[in-house]
Amino acid sequence: MASTDNDSFRWWLLSESLTALSAESSRQRAWVEEHGVAADELALDFDHALRTAAPFG
């Protein structure tokens with residue numbers, strides 16, 4: 001993967017995690033159930049995405 005591909009993926013990952021965190025609670029519950037994870041996974045995904053994108057800020 002080229003550097004620009006990595007950069008795009010990092011920003012996409014951050015965008016997706018923010019979208020999930022900002023969703024209505026019913027959508028968040030559906031996401032958690034669909035992926036078979038605990039609710040705190042939304043926050044953990046965001047933390048991971050933020051740390052991945054941090055070098056750009």
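**Reading a salt bridge, a pocket and a fold**

Me: Which side chains meet in a salt bridge here, and at what N to O distance?

Reply: Those of Asp 47 and Arg 51, at 3.0 Å, N to O. The general idea: a salt bridge is a side-chain nitrogen of Lys or Arg within 4 Å of a carboxyl oxygen of Asp or Glu. Searching the whole structure turns up one salt bridge. Before we go on, bear in mind that this is a predicted model, where local features need pLDDT of at least 70 and side-chain atom pairs count only at pLDDT 80 or more, while totals for chains, interfaces and linings use all residues. Residues are numbered from 1 along each chain as its sequence is written, and side-chain values use heavy atoms, with hydrogens and water left out.

Me: Where do Asp 47 and Arg 51 lie?

Reply: Both sit in helix H3, four residues apart, which is about one turn of the helix. Helices here are DSSP runs (H or I, at least four residues), strands are runs of E (at least two), and numbering goes from the N terminus.

Me: Is Arg 51 buried or exposed?

Reply: First the cut-offs: buried means under 20% relative accessible area, exposed means over 50%, and partly exposed is in between (1.4 Å probe, protein chains only). Arg 51 counts as exposed because its relative accessible area is 61%. Its partner Asp 47 is partly exposed, since its relative accessibility is 34%.

Me: How many helices and strands does the protein have?

Reply: Three helices and zero strands, so from the N terminus on you read α-α-α. Ser 25 is in helix H2, residues 25-35, and is partly exposed at 45% relative accessible area. His 35 lies in H2 too, and with 42% relative accessible area His 35 is partly exposed. From C-alpha to C-alpha, His 35 and Asp 45 are 12 Å apart in space and ten residues apart in sequence.

Me: How do I read a pocket, and what volume does the largest pocket have?

Reply: Rolling a probe the size of a water molecule over the atoms shows where empty space is left. On a 1 Å grid over the protein atoms alone, a pocket is an open set of points where a 1.4 Å probe fits, with protein on both sides within 12 Å along at least five of seven lines; lining residues have an atom within 4 Å of a point. The volume is the space filled by probe spheres set on the points. In this structure the largest pocket comes to about 190 Å³.

Me: Which residues line the largest pocket?

Reply: Among them are Glu 16, Ser 17, Trp 31, Asp 45 and His 48. Helix H1 (3-22) and helix H3 (41-53) each give two or more residues to the lining, and H1 supplies the largest share, five residues. By type, the lining has five nonpolar, three polar and two charged residues. For that tally, Ala, Val, Leu, Ile, Met, Phe, Trp, Tyr, Cys and Pro are nonpolar, Asp, Glu, Lys and Arg are charged, and the others, Gly among them, are polar.

Me: What is Ser 17 in contact with, leaving aside its neighbours within four places in sequence?

Reply: Contact means heavy atoms within 4.5 Å. On that basis Ser 17 touches Asp 45, Phe 46 and Ala 49. Ser 17 itself lies in helix H1 and counts as buried because its relative accessibility is 8%.
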